[in-house]
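I opened the notebook to record what I looked up in this entry. The notes follow the order in which I checked things.

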Amino acid sequence: MALEKDSEIAELTEAGKNIEQDLVEQILSTLPPKSLMRFKCVSKWWYHLITSPRFVAKHLAISKHNRSSTCALIKRLVCNAEEPEMVFSLLNFSYENDINAAGALSTNLSSVEDLTIPTRVVESLRIIGHCDGIVCLALIDYHQGLAKSSEVCLWNPAIQQFKFLPEEPFLQDWSKVPRNRMFEEFAYMRPVHLLNETMGFGYDPTSKDYKVIDIGFSDSKFYGDQEYYGGHVIVYPPKAVVYTMRTDSWREIKTFSLERETSYLWPDTFQLYLKGVCYWSGYEQQKEFFCLFQTQQEEEERIGRAIISFDTSDEVFHDILLPYGLLEFYGFDNFLTLHLTEWNESVALFSLHFVDEHKATMWVMDAKGTWTKQLTFEYVDYFPYSLPQKILAFWKSNEIFGVGEHGSIVCYNLNTKNVKHLPIRSVPDYFPPSRHTFYPFCVIAYVNSVVPIMNHVRQHI
């Protein structure tokens, strides 16, 4: 009888202990990463819990649906007493009911937290992409206009983990090729200022691993009499490589899916990662030029605009048709800008036309790849014509971040049509010189997470 009672007491004690641990885990999973990093020192059990893949996945899932866990990561210029300084900052927001919008929530900037990053060249770092709280950065040489893959890094600002990726051995480092040799040895050379835009970053849900994807120009060859611009030029297929966090190494992948009968698909500017797929804006380029003179004409080399996706699991590129309403701009209208972003867990495409009454149109793609026009609004009052018009990010499904005058950040509410100029500035258009492509990822919607970069293992919950 006594043994049975002792056994019952032991079971109840163990059950109470499990309930206590479950309660602690539930509470910890709702806390910000900074607190969790401190709480790892409480006990061995707390350390193993907070660093376990199951807890990391649970914390991430909660953070993605928690307003207070989502903030904005911005690269901005701070004017100190001595000299201007470039910093990364986290913008935190508060929410209140808008009395002029039938109770709709209004976003207000509540605090700005400047971040420390372990490199002295913050002004040269460009945000490639982001996923689950991890930000991929590339060190850009603005004098050469190139990003070298040996200078790519991953960073989780919430837990202050940072690492440089190993040197990528497969793609040509064009920054090391003398310019006179480029023109002498290559009949056609892809514009060098475009070579730093193609890198992408995302998560592979099948292998449960994070990947960096890079696409590079390979080669071209001239056949014929170069002195009289005779003969023709053959452009070789683009090359692509993938870095995986788990192996901490690069490997080359096949690019046959980028090749058509008479043309190539060129991923030009990385735009977005969503649900296992990376997206680029790009163009279709011809494989062959029928005279050397054509290679010097930008309008000759490009056939039309394109949206190109990459499945991070099977590592195959795909072509996505543009919305029907944009087919008339299929060529290269300099007055049309396309930008992809996320909206309500779907891919959204913004088309901004500078001539047609300065209107922005948003298209949303469904699971079958069909585009639906969601809205149209005039943006000239919010994104001045004199600056590069860029939609930077969606915020809470109904607000848009964009670049305003002199690098100011503008928040436009789609429901209330209210415009707010946040009391903070992004990178102005004069820094760095002549690098307007700096704008697309100046601001990203960042999710605070404890996803590690070192010794990465991730689980689904």
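I began with Leu154 and listed its contacts, leaving out residues up to four places away in sequence. In this predicted model, Leu154 touches Ile134, Val135, Cys136, Gln161, Phe162, Lys163, Leu165, Phe201, Val212, Tyr243, Met245 and Ile453.

Next I asked which residues have the most contacts inside the largest nonpolar core. They are Leu154, Val212 and Phe317, and this core has 52 residues. I then looked up where its largest share comes from: strand S14, residues 263–274, supplies five residues. Apart from this core I found another, of 20 residues. Phe88, Leu90, Val122 and Trp155 are among its members. I noted the general rule beside this: in soluble globular proteins, nonpolar side chains tend to be buried together.

Then I turned to a charged residue, Asp214, which sits in strand S9, residues 209–216. Is Asp214 buried or exposed? I found it buried, and it has no salt bridge. The nearest side chain of opposite charge belongs to Arg126, 8.1 Å away. A salt bridge needs the charged atoms within 4 Å, so Arg126 at 8.1 Å does not make one with Asp214. What I did find for the side chain of Asp214 is a polar contact with the side chain of Thr198, at 3.2 Å.

My next stop was Ser43, in the loop between helix H2 (33–39) and helix H3 (44–51). Its relative accessible area is 29%. Buried means under 20% and exposed means over 50%, so Ser43 counts as partly exposed. The side chain of Ser43 reaches the backbone nitrogen of Trp46 at 3.1 Å.

For the whole protein, I wrote down six helices and 27 strands. Of its 461 residues, 53% count as buried. I also looked at contacts with a separation of 6 or more: residues 24 or more positions apart account for 54% of them.

Last, I checked confidence. The protein averages a pLDDT of 76, and 65% of the residues score at least 70. Where is confidence lowest, and where is it highest? Helix H6 (residues 298–301) is lowest, at a mean of 52, and strand S8 (residues 200–204) is highest, at 96. Over residues 8–16 the pLDDT stays under 50, and the model has zero contacts for them beyond four places in sequence. Residues 428–441 are also below 50, but this stretch has 37 contacts in the model beyond near neighbours in sequence. I added a reminder to myself: where pLDDT is low, the predicted coordinates should not be read in detail.

Notes. Residues numbered from 1 in each chain as written. Predicted model: local features only at pLDDT ≥ 70, side-chain atom pairs only at ≥ 80, totals over all residues. Heavy atoms only, no water. Core = buried A, V, L, I, M, F, W, Y, C linked by side-chain atoms within 4.5 Å. Buried < 20%, exposed > 50% of the residue type's maximum accessible area, 1.4 Å probe, protein only. Helix = DSSP H or I, 4+ residues; strand = E, 2+ residues; numbered from the N terminus. Contact = heavy atoms within 4.5 Å. pLDDT = per-residue confidence, 0-100. Lys, Arg positive; Asp, Glu negative; His and termini not counted. Polar contact = N/O pair within 3.5 Å; in protein donor to acceptor, adjacent residues only side chain to side chain.
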